[in-house]
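Please look through the model shown below before reading my comments, and keep it open beside them as you go.

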Amino acid sequence: MSYAVGRRVVVTGLGAVTPLGVGVGELWQGLLEGRCGIRELDGEEFAELPVRVAGTVPVDPAELLPRPRARRMNRAARFAVLAAREAWRDGGFDPGGTARSGLDAGRVGVSSGAILGDASVLVAGDRQLRERGPRAVSPLTTPMCVPSQAASQISLDLGITGEARTVTSACASGTEAVGQAVDRIRYGRVDVALAGGAEAVVTPAIMASFAAMRALSRHGLNGGGASPSRPFARDRDGFVNGEGAGFLLLEAEDHARARGARIYCEAAGWGLSADAHHMAAPDPSGSGVALALRRALEDAAAGPSDVVHVNAHATATVDGDLAEANALAAVLSGRRVPVTALKGHLGHLQGAAGAVEALATALTLHHGLIPPTIGCADQDHAITLDLVTTAPRALPADGDLALTNSFGFGGHNAVLALRRTA
């Protein structure tokens, strides 16, 4: 039985700030060209760390915003506002916000995912307290360090009053935020929503913690151009930390068609599950992942034969990639569905990863083209997926559904199902 009742929800706008650059155009072109946005961390504060590479945004987002506004946002919120503005404009709305777009602000919402948002704000406040005393701590420290700042700043920027929600479910946060927005539109709470995620946790303490967990790749950068993030590869050894933001503009289909909006795809369904296995490690059986996949298909009123593409979570951890691959093989009944994984290009954008990957999946459906996976020169023989590598591949004609997966520390599993439209 399908849970997909209520209004159909479609994607009408996209916006991104990623290690490949500012804007969806930079992201999409970089993915198709197989470019790697992972860089060496050359700041003095990173000098003693055992791992010094990350997927960092190549421009300072503060320089792209008015100075008074930028000073009141953390780095993740700056990414979020820039990406949300792009998605809003891409959807055909006025950059001035809801009022100038002729929208009822109370029927528009924001749904944003984050693990921490921007970890550096609290660290800086603590340093100021210890070094210079309580008078040196900025009154902006508290409002700027909460994970919900991205959602609130988008709301402020565009005059959105319907709701400004924040989802925190580890690395599944961005995907779950999009799914939550789908339901808010589907069941009539709002008509339009900006949904996605933003994260800025490339900080010395976070990098040191991940390294201590032995979760980070130690491949490093080399002159040959191979990515240190190697999804599904035989020599994968961990993920690469990253930062950025991605937002999708979602609308009730009748609302979008009434205004003549361009539609990228349908946001057809989503599914959640929990591993209940370990505070950090994935369940090696992949049973939790499989449950989320099945629930997404059921919510989209679809079956395995409808799936034409999968955008995998694939962090390039040994156990995580294998669990995901086994779950996909089980749910898809061994069908050879083309799979791609984008963390070789971007690193792992944490709470923003799922949103950016959902955005790329929407573009895949819209353009009929699957970006290649980079970093996987030698696929693990235990992984039997039909992995797209080397060059883009045309999307198969049979089937209309694409799945995009996100799984997080603590066993959070989230899957979105997007459907191509005529």
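The numbered points below take up the nonpolar core, then the salt bridges, and then a patch on the surface.

1. Please bear in mind throughout that this is a predicted model, and that every value quoted here is computed from it.

2. The largest nonpolar core has 43 residues, and those with the most contacts inside it include Val11, Leu14, Leu27 and Leu359. Among the elements that give two or more residues to this core are the strands β1 (9–18), β7 (192–200) and β8 (243–252), together with the helices α1 (24–33) and α7 (173–186). The element that gives the most is α13, with eight residues. As general background, nonpolar side chains in soluble globular proteins tend to be buried together.

3. Cys265 is a useful residue to locate by eye, since it is found in strand β9 and is buried, with a relative accessible area of 0%. Between the C-alpha atoms of Cys265 and Leu363 the distance is 8.5 Å, although these residues are 98 apart in sequence.

4. The count of salt bridges comes to 24. In one of them, the side chains of Glu266 and Arg8 meet at 2.8 Å, N to O. Because Glu266 lies in strand β9 and Arg8 in the segment before β1, this pair ties together parts that are 258 residues apart in sequence. Glu266 counts as buried at 6% relative accessibility, whereas Arg8 is partly exposed at 39%.

5. A salt bridge also joins the side chains of Arg236 and Asp380, at 2.9 Å, N to O. Arg236 lies in the loop between α8 (204–212) and β8, and Asp380 in the loop between β12 (369–370) and β13 (386–387), so the pair ties together parts that are 144 residues apart in sequence. Arg236 counts as buried, with 5% relative accessibility, and Asp380 counts as buried too, with 17%, given that the cut-off for buried is under 20%.

6. Asp400 and Arg419 form a salt bridge through their side chains at 3.4 Å, N to O. Asp400 is in the loop between β14 (393–394) and β15 (401–408), while Arg419 is in strand β16, and the two are 19 residues apart. Asp400 counts as partly exposed at 26% relative accessibility, but Arg419 is buried at 15%. Salt bridges that share partners join Arg8, Glu253, Arg257, Glu266, Asp400 and Arg419 into one network.

7. Which residues form a negative surface patch? They are Glu40, Asp42, Glu44 and Glu45, and Glu45 is found in the loop between β3 (38–40) and β4 (53–55).

Terms used:
Residues are numbered from 1 along each chain as its sequence is written. This is a predicted model: local features need pLDDT of at least 70, side-chain atom pairs count only at pLDDT 80 or more; totals for chains, interfaces and linings use all residues. Side-chain values use heavy atoms; hydrogens and water are left out. Patches are made of residues with over 30% relative accessible area and no salt bridge: like charges are joined within 9 Å, nonpolar side chains (Val, Leu, Ile, Met, Phe, Trp, Tyr) within 5 Å. Accessible areas come from the Shrake-Rupley method with a 1.4 Å probe; for residues, only the protein chains shown count as cover. A salt bridge is a side-chain nitrogen of Lys or Arg within 4 Å of a carboxyl oxygen of Asp or Glu. Lys and Arg count as positive and Asp and Glu as negative; His and the chain ends are not counted. The place of a charge is taken as NZ of Lys, CZ of Arg, CG of Asp or CD of Glu. Helices (H or I, at least four residues) and strands (E, at least two) are DSSP runs, numbered from the N terminus. A nonpolar core is a set of buried Ala, Val, Leu, Ile, Met, Phe, Trp, Tyr and Cys residues joined through side-chain atoms within 4.5 Å. Buried means under 20% relative accessible area, exposed over 50%, partly exposed in between (1.4 Å probe, protein chains only).
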